[in-house]
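Let's take a walk through this structure together, one spot at a time. Keep the 3D view open and turn it as we go.

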Amino acid sequence: MSGHNPGMDMALLGALAEPNRMHIVELLRDGPLTVGEIAERLELRQPQASKHLKVLSENCILEVKAEANRRIYKLRPEPFRTLDEWLQSFQSVMEDRFDNLDQYLRELQSKKDKP
């Protein structure tokens, strides 16, 4: 097992690992926002917010739409579907392990109950 999943872009996880970027994603979960709205809600200066938005955009997490002199950011669903699929692969492995543990504990209990 190589530990590498070709369906999972590790840059996505890296982009989301920074707390301010994760907060931006959480804000945008509720709908599109301008850079000014994001900066205000996170109590960041606009250049700081723009820097984080650039990283998220470069990693295809966000899409930006220009309206007059404003930029409106919204989440792209595709990277989150990929992340969900990747996480689901761990869930099935963990469920199998818990099932095996449950079976083992039942066997131990069965041996203990026998005189």
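K65 and E67 are joined by a salt bridge, and their closest N and O atoms sit 3.6 Å apart. This is a predicted model, by the way. How open to the outside are the two partners? K65 is exposed, with a relative accessible area of 52%, while E67 comes in at 34% and counts as partly exposed.

That pair has company: searching the whole structure turns up five salt bridges. Another one of them links the side chains of E58 and K54, at 3.9 Å from N to O. Both of these residues belong to helix α4, where they are four residues apart, or about one turn of the helix. Both are exposed, too. Then there's R76, which forms a salt bridge with E78, with 3.2 Å between the closest N and O atoms. R76 is partly exposed because its relative accessibility is 22%, and the cut-off for buried is under 20%. E78 is also partly exposed, at 37%.

R76 leads us to C60, which has R76 and P79 as contacts once its neighbours within four places in sequence are left aside. You'll find C60 in the loop between α4 and β2 (62-67). With 43% relative accessibility, C60 counts as partly exposed. Now look for L12: C60 and L12 are 48 residues apart in sequence, yet their C-alpha atoms are 8.2 Å apart in space.

Time to head inside. In soluble globular proteins, nonpolar side chains tend to be buried together. Here, the largest nonpolar core has 20 residues, and the ones touching the most other members are I38, L56 and I61. Which helices feed this core? At least two residues each come from α1 (10-17), α2 (19-28), α3 (35-42), α4 (46-58) and α5. The largest share is from α2, with four residues. For a feel of the surroundings, try I61: leaving out residues up to four places away in sequence, I61 touches L12, A15, L16, V25, L56, K74, L75, R76, P79 and F80.

H52 is worth a stop as well. This histidine is part of helix α4. Is H52 buried or exposed? Its relative accessible area is 9%, so H52 is buried. Beyond residues up to four places away in sequence, H52 touches E18, N20, R21, I24 and L44.

Next come the aromatic rings. How many aromatic pairs does a search of the whole structure find? One. The pair is W86 and F90, with ring centres 5.0 Å apart and planes at 80°, so the two rings meet edge-to-face. W86 and F90 are four residues apart in helix α5, which means that about one helical turn separates them. Their surroundings are not alike: W86 is buried at 18% relative accessible area, whereas F90 is partly exposed at 43%.

Finally, follow helix α5, which covers residues 77-113, to M94. M94 counts as partly exposed, with 36% relative accessibility. Together with V93, F98, L101, Y104, L105 and L108, M94 makes a nonpolar surface patch of about 650 Å².

How values were computed:
Residues numbered from 1 in each chain as written. Predicted model: local features only at pLDDT ≥ 70, side-chain atom pairs only at ≥ 80, totals over all residues. Heavy atoms only, no water. Patch = residues over 30% accessible without salt bridge, like charges linked within 9 Å, V, L, I, M, F, W, Y side chains within 5 Å. Areas by Shrake-Rupley, 256 points an atom, 1.4 Å probe, with all protein chains shown as cover. Salt bridge = Lys/Arg side-chain N within 4 Å of Asp/Glu carboxyl O. Buried < 20%, exposed > 50% of the residue type's maximum accessible area, 1.4 Å probe, protein only. Core = buried A, V, L, I, M, F, W, Y, C linked by side-chain atoms within 4.5 Å. Contact = heavy atoms within 4.5 Å. Phe/Tyr/Trp six-rings, centres within 6.5 Å; stacked < 30°, edge-to-face > 60°.
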